[in-house]
Amino acid sequence: MKLRITIYQDEQSEIDHIKKSILFVLENLQGKYEVEFLIYNKGSEVARGLKKKHISDIYFLDLIPEDTECMLVAKVVHEKYRHPIVFFVSEYKEYVQDAFRVNAFQYIFKPFDEAKFQHEIKVAVQKWQRFNYVRELISMGKNKQHLDLNFLLRPSKILYFESDNKYIFSYIENQNQEIICHKLRKKLDNMEESLKSFGFTRCHKSYLVNMKYFYQMDSENIYCFSHNITIPVSYSKKESARNEVIEFLEKKLATF
């Protein structure tokens, strides 16, 4: 997935530190990220970039008494573009209230606690993923009025997708633990990359499964015990699917 990130700090060492923290978090999340960094040393440069439509998905902005133009940048980003996530990373406490008036995602005080900072980055990236996912789904044209809101906002409830080349069918677990189906005019290939970060794997040209629900895999099938579902594993996808299942389980075990 493509992710554009703006970093503005007045010290290069702080830029390098923030960039390193971001890359560390992304390496430990599900999915592959193609990251473009826009680096600035002055608030006025961020403002000029915004005027040129250089819009990022996530911003890490400094606030210092002699350069508060980034507050205006955050205001414009919030009012005009809505979706970007804005961090203020500053040593000055007097700007906190102003920051949250322009809908800042977080205000991080320098020097910051690395573990807490990485946690906030992870939460921000996951929020961006959800937005990206919803944007992808609502672009599906004629079928968008038929989509269940629970489906849009909670991909974790989707068990798997099945394709018949013309349509894809999503199978979702509702509040009563019943499986319901949505029919969408979309190619499975287009869904695969955006759903990897949510723990989905492609085990067959016609199936994309949520590994949260599938607990066993052999050379021919992958199994969902809670609903007694068996999904075929194709020969061409067997190796990549097995590696993704192992990676998913290792990351899941690491959280315990």
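This passage looks at a run of short strands and at the salt bridges of a predicted model.

Strand β12, residues 221-224, is a good place to start. Its two faces are both covered. On one side Asn-221 and Tyr-223 are buried, and on the other Ile-222 and Cys-224 are buried as well. Strand β12 has a partner on the side of β11, residues 216-217, with which it runs antiparallel through two bridges. Three residues separate β11 from β12 in the hairpin that they form. Within this pairing, Met-217 is found opposite Ile-222.

Strand β12 also pairs with β13, which covers residues 229-232; here four bridges join the antiparallel strands. These two strands make a hairpin too, with four residues in between. The turn includes Asn-228, whose phi is positive at about 55°. Ile-222, which stands opposite Met-217 in the pairing with β11, stands opposite Ile-231 in the pairing with β13. For anyone browsing the structure, Ile-222 is thus a handy landmark: a buried residue of β12 with a named counterpart in β11 and another in β13.

Attention now turns to charged side chains. Side chains of opposite charge can pair when their charged atoms come close. Searching the whole structure gives seven salt bridges. One of them joins Glu-36 to Arg-4, with 3.2 Å between the closest N and O atoms. Because Glu-36 belongs to strand β2 (residues 34-40) and Arg-4 to strand β1 (residues 2-8), this pair ties together parts that lie 32 residues apart in sequence. Both partners are partly exposed, Glu-36 at a relative accessible area of 37% and Arg-4 at 23%.

A further salt bridge connects Glu-14 with Lys-110, and its closest N and O atoms are 3.0 Å apart. The link spans distant parts of the chain, 96 residues apart: Glu-14 sits in helix α1 (residues 12-27), while Lys-110 sits in the loop between β5 (106-109) and α5 (114-138). Glu-14 is partly exposed at 23% relative accessibility, whereas Lys-110, at 15%, is buried.

In helix α8, Arg-242 and Glu-239 form a salt bridge with an N to O distance of 3.2 Å. These residues are three positions apart in the helix (residues 238-254), so about one helical turn separates them. Arg-242 is partly exposed, with a relative accessible area of 33%, and Glu-239 is partly exposed at 48%. Elsewhere, salt bridges with shared partners bring Glu-14, Asp-62 and Lys-110 together in one network.

Notes: Residues numbered from 1 in each chain as written. Predicted model: local features only at pLDDT ≥ 70, side-chain atom pairs only at ≥ 80, totals over all residues. Heavy atoms only, no water. Buried < 20%, exposed > 50% of the residue type's maximum accessible area, 1.4 Å probe, protein only. Pairing = 2+ DSSP bridges. Salt bridge = Lys/Arg side-chain N within 4 Å of Asp/Glu carboxyl O.
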